[in-house]
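Here is a set of exercises to work through with the structure open beside you. Try each task on your own before reading its solution.

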Amino acid sequence: DATAFFADGDRYVYTPMVPFDLRGLIAAEGGDATWNAYLDAMTASVTDMGATHIEMTNEPSTDIAWEYDYSGAPYRTQEVVRQIEDDLYTDTPAGLPGNDDQGELSSWYVWAAMGLYPETPGSANLALGSPLFPAVAIHTGGGRTLVEHAPAAADATPYVQGLALDGATWDRAYLPASSVLGQGTTTLDWALGASADTGWAAAPQDVPPSATAGLLPALGYLGAGESGDSVFLRPGTSTTLDLGVQGMGSGTEVDWTAAVPAGSGLSVSPAAGRLDVAGESRAAAPVTLTAASTPAHGEYAVTFHLHTAGGVSLPDVVAEVGVDPVFDATGISSDAAQSAADFDGTGYSYSEQALTAAGLAPGASITSDGVHYTWPDAAAGTPDNAVAAGQTLTLQVPAGATSLGFLGAASDGPAGGTVTITYSDGTTQAASLELGDWVAGGASGDTVVATMPYRNWATQTSQTTANHVYAASVPLEAGRTVTSVTLPAAQAQGALHLFAVGSDVGPVPVG
């Protein structure tokens, strides 16, 4: 997948961190019900610091509990904030849930105990919870005094039943900036209870302000809703993705076109389309990505350009597509960079210099038992072999071949199993294949192609241990054309590494 780095949190914690435009975030996530469900999952336990839960031990999570105010469920803010106060804070030394970071956790508690929170940076509007104390007086230092009366305040009465602001009924989930700026006195009179009033401050007009200016009418996504998803394809294979559009509040039609990098061997079907999305709902359509049978291996960005029928350009949606080479493991290193490869999973690898001295230079032609191979023409420290795991390799076997050969070795072996050869008419042939351990040997029916006197180690110290490359072949059915071979499945112990495929007529290109 695309790599992202988070400090003191994860993607669950960082997704809500759009405090300047929470209404835009909520729209992008699918509306109030979807967002409340997301928050509910995160706050199902405020003490479990698992990857999918709120983590109130550090800064990224401090605003999350207050976001129900913005999605029509302020009673849940009142409830969750009180749970955090009760379950994570104690009146003993070290009674904070984590590192106070210059007062960050303790100041959160002070705000929570007052029933107020500065959710939006740069704004004096305050999101509302509920106070813990029956009487509170706050002197801002700028000439404003905020006085709170809550005669029913207690640990068991976190739910707001009503609120008066300067004597007038106030049924919104925030305190406006005018109440805390300037001079004078602002009075809050709270009616609190032990049961939730789910209707208080729950209407769309009751939510705190958000900076929604410039909000786009829709956003595109892939799969479950993440642009930048990574896809891996083998040559000649396809995969289907869902290209979708999330409406942001008003219905719109979104046209899209797909663009693939030139020379990648990738294609998209269909290559264009239209999605009709209503309100804060989603619309999606399947698109198929296909890698050619002989593609250019590498990583490519397949880009979906989106714009509304009215001409508004939307952010591109990008699929990172990796076209995997058949040989995707790295088992050969240079003596000067021995940590660049790992053949056996413990840091040991073949030496490029020792292989070259034994006749296995990059791109070298090799013949063993009448079968012709080409040694991988790969730079040291780059992918050079395939580890058998049941994958099917597309082959280009020369006409007239009567035997199919496999060049490689096993680690923690010997290792092997059944290979399945598929012919052009759809019929198959099963054969047994086993190669010896690269150091210990041990297989029957294979041939030692080369022996090297030392191997490399990730510690940058060559080890004087003889190591080998082997070959084994199987007979083909006469007069048939081979199209592919399926390698043995991965084994519990021992791994079969394949460096090349050959035949008695000539080397066999793979993939």
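The exercises below go through helix packing, buried residues and unusual backbone angles in this predicted model.

**Exercise 1. How do helices α4 and α5 pack, and which residues make the contact?**

Solution. Start with the axes: helix α4 (residues 74-88) and helix α5 (residues 104-114) pack at an angle of about 130 degrees, and their axes are 11 Å apart. Angles over 145 degrees would count as roughly antiparallel, and 65 to 115 degrees as roughly perpendicular. The pair α4 and α5 is therefore oblique. Next comes the handedness, and the crossing of α4 and α5 is left-handed. Now list the partners: α4 brings V81, I84 and E85, while α5 brings W108, Y109, A112 and A113. Sorted by class, this contact of α4 with α5 has six nonpolar residues, no polar ones and one charged residue.

**Exercise 2. Are α2 and α3 roughly parallel or roughly perpendicular, and what classes of residue meet between them?**

Solution. The axes of these two helices come within 7 Å and cross at roughly 95 degrees. That angle falls in the range of 65 to 115 degrees, so α2 is roughly perpendicular to α3. On the α2 side the contact uses R23, L25, I26 and E29, and on the α3 side D32, T34 and W35. By class, the contact of α2 with α3 holds three nonpolar, one polar and three charged residues.

**Exercise 3. Which residues of α3 are buried, and where on the helix do they lie?**

Solution. First pick out the buried positions of helix α3 (residues 32-42): they are W35, N36, L39 and M42. Then look down the axis of α3, where these buried residues fall within an arc of 120 degrees, so they line one face of the helix. The spacing is worth a thought here: an α-helix has 3.6 residues a turn, so residues three or four places apart point the same way. Finally, ask what lies over that face: the cover of the buried residues of α3 includes α1 (11-14) and α2 (22-29).

**Exercise 4. Which residues of α5 are buried, and what covers them?**

Solution. In α5 the buried residues are E104, L105, W108, A112, A113 and M114. Their cover includes α4, together with β1 (116-117), β3 (135-139) and β4 (144-149). Just after α5, G115 takes a positive phi of about 80 degrees.

**Exercise 5. Where is M56, is it buried or exposed, and what does it touch?**

Solution. Locate M56 in the loop between α3 and α4. Its relative accessibility is 0%, so M56 counts as buried. Leaving out residues up to four places away in sequence, M56 touches M49, S61, T62, I84, L88, P97, L105 and W108. Two of these names have come up before: I84 of α4 and W108 of α5 are also part of the contact between those helices.

**Exercise 6. Place L433 and T420 in their strands, and decide for each whether it is buried, partly exposed or exposed.**

Solution. Take L433 to begin with, which sits in strand β26 (residues 428-435). With a relative accessible area of 3%, L433 is buried. Not counting residues up to four places away in sequence, L433 touches F406, A415, G416, G417, V419, A472 and L496. T420 is in strand β25 (residues 415-423), and with a relative accessible area of 27% T420 is partly exposed. Setting aside its neighbours within four places in sequence, T420 contacts T428, Q429, S484, V485 and T486.

**Exercise 7. Where are the cis peptide bonds S269 to P270 and G413 to P414, and where do D101 and D369 take a positive phi?**

Solution. As background, most residues other than glycine have a negative phi, and most peptide bonds are trans. S269 and P270 are joined by a cis bond with omega of about -5 degrees, and P270 is in the loop between β13 (266-269) and β14 (272-277). The bond from G413 to P414 is also cis, with omega near 10 degrees; P414 is in the loop between β24 (403-411) and β25.

Turning to phi, D101 has a positive value of about 45 degrees. D101 lies in the loop between α4 and α5 and is partly exposed, with a relative accessible area of 27%. For D369, phi is near 55 degrees. D369 lies in the loop between β20 (365-368) and β21 (371-374) and is exposed, at a relative accessible area of 60%.

How values were computed
Residues are numbered from 1 along each chain as its sequence is written. This is a predicted model: local features need pLDDT of at least 70, side-chain atom pairs count only at pLDDT 80 or more; totals for chains, interfaces and linings use all residues. Side-chain values use heavy atoms; hydrogens and water are left out. Axes are lines fitted to C-alpha atoms, for helices over the stretch in contact, and angles run from 0 to 180 degrees between N-to-C directions. Helices (H or I, at least four residues) and strands (E, at least two) are DSSP runs, numbered from the N terminus. Angles under 35 degrees count as roughly parallel, over 145 as roughly antiparallel, 65 to 115 as roughly perpendicular and the rest as oblique. A crossing is left-handed if the near helix is turned anticlockwise from the far one by less than a right angle, and right-handed if clockwise. Contact means heavy atoms within 4.5 Å. Ala, Val, Leu, Ile, Met, Phe, Trp, Tyr, Cys and Pro count as nonpolar, Asp, Glu, Lys and Arg as charged, and the others, Gly among them, as polar. Buried means under 20% relative accessible area, exposed over 50%, partly exposed in between (1.4 Å probe, protein chains only). The arc is that of the directions from the helix axis to the C-beta atoms.
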